[in-house]
Amino acid sequence: MRAAVITAPGRVELQTVADPAPGPREVVIDVAAVGLCGTDLHILQGEFAPQLPIVPGHEFAGEVVAVGGEVTELTVGARVAVDPNMYCNECRYCRRGRNNLCERYAAIGVTHPGAAAEFVAAPVGNCVRLPDHVDTQDAALIEPLSCAVRGYDVLSSRLGSHVLIYGSGTMGLMMLELAKRTGAASVDVVDVNPERLVTAEKLGCTQAARSADELERPAGWDVVIDATGNAAAIQDGLERVAKAGTFLQFGVSDYATTATISPYRIYNQEITITGSMAVLHSYERAAELFAAGVLDPQLFISHRMPLAQYPEALDQFAAGKGRKIVVLP
């Protein structure tokens with residue numbers, strides 16, 4: 001089969017690789033679509049993946065074309081979206097129900113061959129069957145949505161909160177949609193890319209601006225969410241949190257990114273700084289929300305590109321062009 005392979009930091013190639021075979025409790029999926037994510041860029045930079053080469057791609061959906069000998073839950077022809085995360089279920093974090101912090105954390109497209117390929121193998125327990133009205137290609141959006149759902153689990157937002165989101169790429173827009181549905185009194189969005197702010201306005205944000213200085217909330221925001229991973233945005237966001245407010249680090253930064261905080265201000269104003277890592281008991285809920293229409297795929301997906309253009313798709317994504325880019329093997 002054809003696959004995109006990150007062979008070394010900064011290098012991705014289209015190669016012919018062996019077709020996957022299902023293990024006893026695995027299925028093989030004919031990939032309909034795989035989304036590009038900031039994590040893919042970090043892997044391309046030589047971060048996150050424990051070793052290269054690796055076939056990336058962890059946001060995907062497709063049709064089952066082969067099943068392992070012990071699989072009874074799915075048959076050939078089933079359309080599924082897949083939670084890429086795999087846990088040991090034995091370490092102290094798994095035993096505490098914090099599987100996303102698993103000491104032996106693994107994921108399709110990060111530690112195991114991913115879906116930037118014609119076919120991919122996945123544990124049957126990670127597969128969620130798609131209802132008839134959900135387009136298989138669009139269902140690649142379920143995985144990033146499940147990360148956003150996890151983010152709101154961490155926030156446990158109070159009704160009537162004023163929310164500020166940094167970044168109006170795919171994840172920032174998903175956080176905007178969920179903020180509106182979790183009772184926010186206002187949801188403001190900041191992004192240096194004016195084209196992306198147009199989409200935030202279409203989705204009904206309260207205010208959109210290229211800088212928080214342009215927004216009217218001198219006392220700060222109850223909830224500030226960074227969906228960029230950018231050091232300047234994070235630093236600015238930390239200064240915008242209101243008393244008793246919460247800052248959520250949701251965007252994925254590279255290892256070297258740092259920010260400065262005031263311990264006295266955190267103490268004196270009872271500010272909470274927290275993070276949200278990937279997916280935790282949120283994938284099935286995201287699939288249900290997606291099936292219920294919480295997102296408009298035609299608005300969220302700006303580009304659909306063939307697998308042969310995977311390197312170009314990564315370049316376009318890294319340049320901040322468009323919204324969600326999906327590759328169609």
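**A walk through the predicted model**

Ala33 is part of strand S3, which covers residues 26-35. The structure described here is a predicted model. With a relative accessibility of 0%, Ala33 counts as buried, because buried means under 20% relative accessible area. What surrounds Ala33, once its neighbours within four places in sequence are left aside? Its contacts are Glu59, Phe60, Ala61, Gln137, Ala140, Val327, Leu328 and Pro329. One of these, Glu59, is 26 residues from Ala33 in sequence, and the two C-alpha atoms are 8.2 Å apart in space.

The chain begins with a hairpin. Strand S1 (residues 2-8) and strand S2 (residues 11-16) run antiparallel and are joined by six bridges. Strands of a sheet pair through backbone hydrogen bonds, either parallel or antiparallel. Ala8 has Arg11 in S2 as its bridge partner. Two residues lie between S1 and S2, and Gly10 in this turn has a positive phi of about 85 degrees.

Both hairpin strands return in the surroundings of helix H10, residues 310-318. The buried residues of H10 are Tyr310, Pro311, Ala313, Leu314, Gln316 and Phe317. An α-helix has 3.6 residues a turn, so residues three or four places apart point the same way. The cover over the buried residues of H10 includes S1 and S2, together with H1, strand S16 (301-306) and strand S17 (324-328). After H10 comes Gly320, with a positive phi near 75 degrees.

H1 also marks one end of a loop with a cis peptide bond. That bond joins Leu52 and Pro53, and its omega is about 5 degrees. Pro53 sits in the loop that runs between helix H1 (38-44) and strand S4 (59-67).

A second part of the structure is built on an open sheet. Its six strands follow the order S12-S11-S10-S13-S14-S15 and pair in parallel. Strand S12 (207-209) and strand S15 (272-275) are the edge strands; each has a single partner strand, so one side of each has no neighbour in the sheet. On average, neighbouring strands of this sheet are turned by 15 degrees against each other, direction ignored. Within the sheet, five bridges connect strand S10 (residues 162-166) with strand S11 (residues 186-190), and these two run parallel. Which residue in S11 is the bridge partner of Leu164? The partner is Asp188.

Helices lie against this sheet. H3 packs on the sheet and touches strand S13 (221-226), strand S14 (241-249) and S15. The direction of H3 makes about 150 degrees with that of S14. Helix H4 (residues 170-181) lies across S10, S11, S13 and S14, and runs at about 170 degrees to S11.

H3, residues 142-155, contains Ser146. Is Ser146 buried or exposed? Ser146 is buried, because its relative accessible area is 0%. A polar atom of the Ser146 side chain lies 2.5 Å from the backbone oxygen of Glu143. Apart from neighbours within four places in sequence, Ser146 is in contact with Val279, Ser282, Tyr283 and Ala286.

Two residues in or beside the sheet have a positive phi without being glycine. Ala244 has a phi of about 65 degrees and is found in strand S14. In a regular strand the side chains alternate between the two faces of the sheet. Ala244 has a relative accessibility of 58%, so it counts as exposed. Glu270 has a positive phi near 50 degrees, and its place is in the loop between helix H7 (263-269) and S15. At 61% relative accessibility, Glu270 also counts as exposed, because exposed means over 50%.

The last feature is empty space inside the protein. Rolling a probe the size of a water molecule over the atoms shows where empty space is left. How many cavities of 30 Å³ or more are found in a search of the whole structure? There is one. The largest cavity has a volume of about 30 Å³. Its lining consists of Tyr152, Ser157, Arg158, Ser161, Val163, Ala179, Thr182, Gly183 and Ala184.

How values were computed
Residues are numbered from 1 along each chain as its sequence is written. This is a predicted model: local features need pLDDT of at least 70, side-chain atom pairs count only at pLDDT 80 or more; totals for chains, interfaces and linings use all residues. Side-chain values use heavy atoms; hydrogens and water are left out. Two strands pair if DSSP finds at least two bridges between them. Helices (H or I, at least four residues) and strands (E, at least two) are DSSP runs, numbered from the N terminus. Buried means under 20% relative accessible area, exposed over 50%, partly exposed in between (1.4 Å probe, protein chains only). A polar contact is a pair of N or O atoms within 3.5 Å; within protein, one must be able to donate a hydrogen and the other to accept it, and residues adjacent in sequence count only if both atoms are side-chain atoms. Contact means heavy atoms within 4.5 Å. Axes are lines fitted to C-alpha atoms, for helices over the stretch in contact, and angles run from 0 to 180 degrees between N-to-C directions. On a 1 Å grid over the protein atoms alone, a cavity is a set of points where a 1.4 Å probe fits but cannot get out, and a pocket is an open set with protein on both sides within 12 Å along at least five of seven lines; lining residues have an atom within 4 Å of a point. Grid points are joined across faces, edges and corners, and a volume is the space filled by probe spheres set on the points.
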